[in-house]
Amino acid sequence: MNEKTKIIIMGSDHNGLNLKNSLKKYLIDKGYSIQDIGVLDEKQVLYPEVAVQLCRELLEKDLDRGILICGTGAGMAIVANKVPGVRAVCIHDAYTAERAKASNDAQIATLGAQVVSLALAKKLVDIWLENEFQGGRSLPKVELIKKLDENKKNN
């Protein structure tokens, strides 16, 4: 784990608040520094706003990893992937958690508080954090994604 990976930015909507807070405590206990962008209470929010804020801060601060949590994780992933420069993967199983970083160099993991337990979320996040981008035959694919992002920025 490099120094940048020790800092994780986290955000959730109201549906993901409890899971976010529990994962935050778990990661702090493991030695990570957490930047929590909210939400801080169960007042209903629009998850796209949270996702965009987290993505912008991740890119502006040149952070390595971010975690977004909503009801299913799907909505957060959809929105995050609309921000040029971001690769987000919704993780619900161990293999996807591993490959999200190892094959796709995903900086953001999204989780669904209504579809994964705290125990599974901890396991998935651990797997995702333990992996690094492997390059190799995945490198041209990630480079193509980066080119698509550049085209999106320039249009």
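How far apart do the axes of α4 and α5 come, and at what angle do they cross? A few notes on this predicted model, built around helix α5.

1. To take that question up: the α4 and α5 axes come within 8 Å and cross at roughly 30°. Angles under 35 degrees count as roughly parallel, so that is the label for α4 and α5. The crossing is right-handed.

2. On the α4 side, the contact uses Ala94, Ala97, Glu98, Ala100 and Lys101, while α5 brings Lys123, Leu124, Ile127 and Trp128. Sorted by type, the residues of this contact are six nonpolar, three charged and no polar.

3. Now for the other partner. Helix α1 (residues 17-29) packs against α5 (residues 118-130) at about 50°, the axes being 10 Å apart. This pair is therefore oblique, and its crossing is right-handed.

4. Who meets whom here? From α1 come Leu19, Ser22, Leu23, Tyr26 and Leu27; from α5 come Leu118, Ala121, Lys122, Val125, Asp126 and Leu129. That contact has eight nonpolar residues, one polar and two charged.

5. Have a look at what α5 tucks away: Ala121, Leu124, Val125, Asp126, Ile127, Trp128 and Leu129 are buried. Their cover includes the helices α1 and α4 (94-102), plus the strands β1 (7-12), β3 (65-70) and β5 (108-112).

6. Last, a quick check on length. With 13 residues at 1.5 Å a residue, α5 should span 18 Å, and its end C-alpha atoms are indeed 18 Å apart, so the two agree.

Conventions: Residues are numbered from 1 along each chain as its sequence is written. This is a predicted model: local features need pLDDT of at least 70, side-chain atom pairs count only at pLDDT 80 or more; totals for chains, interfaces and linings use all residues. Side-chain values use heavy atoms; hydrogens and water are left out. Axes are lines fitted to C-alpha atoms, for helices over the stretch in contact, and angles run from 0 to 180 degrees between N-to-C directions. Helices (H or I, at least four residues) and strands (E, at least two) are DSSP runs, numbered from the N terminus. Angles under 35 degrees count as roughly parallel, over 145 as roughly antiparallel, 65 to 115 as roughly perpendicular and the rest as oblique. A crossing is left-handed if the near helix is turned anticlockwise from the far one by less than a right angle, and right-handed if clockwise. Contact means heavy atoms within 4.5 Å. Ala, Val, Leu, Ile, Met, Phe, Trp, Tyr, Cys and Pro count as nonpolar, Asp, Glu, Lys and Arg as charged, and the others, Gly among them, as polar. The expected span of a helix is 1.5 Å times one less than its number of residues. Buried means under 20% relative accessible area, exposed over 50%, partly exposed in between (1.4 Å probe, protein chains only).
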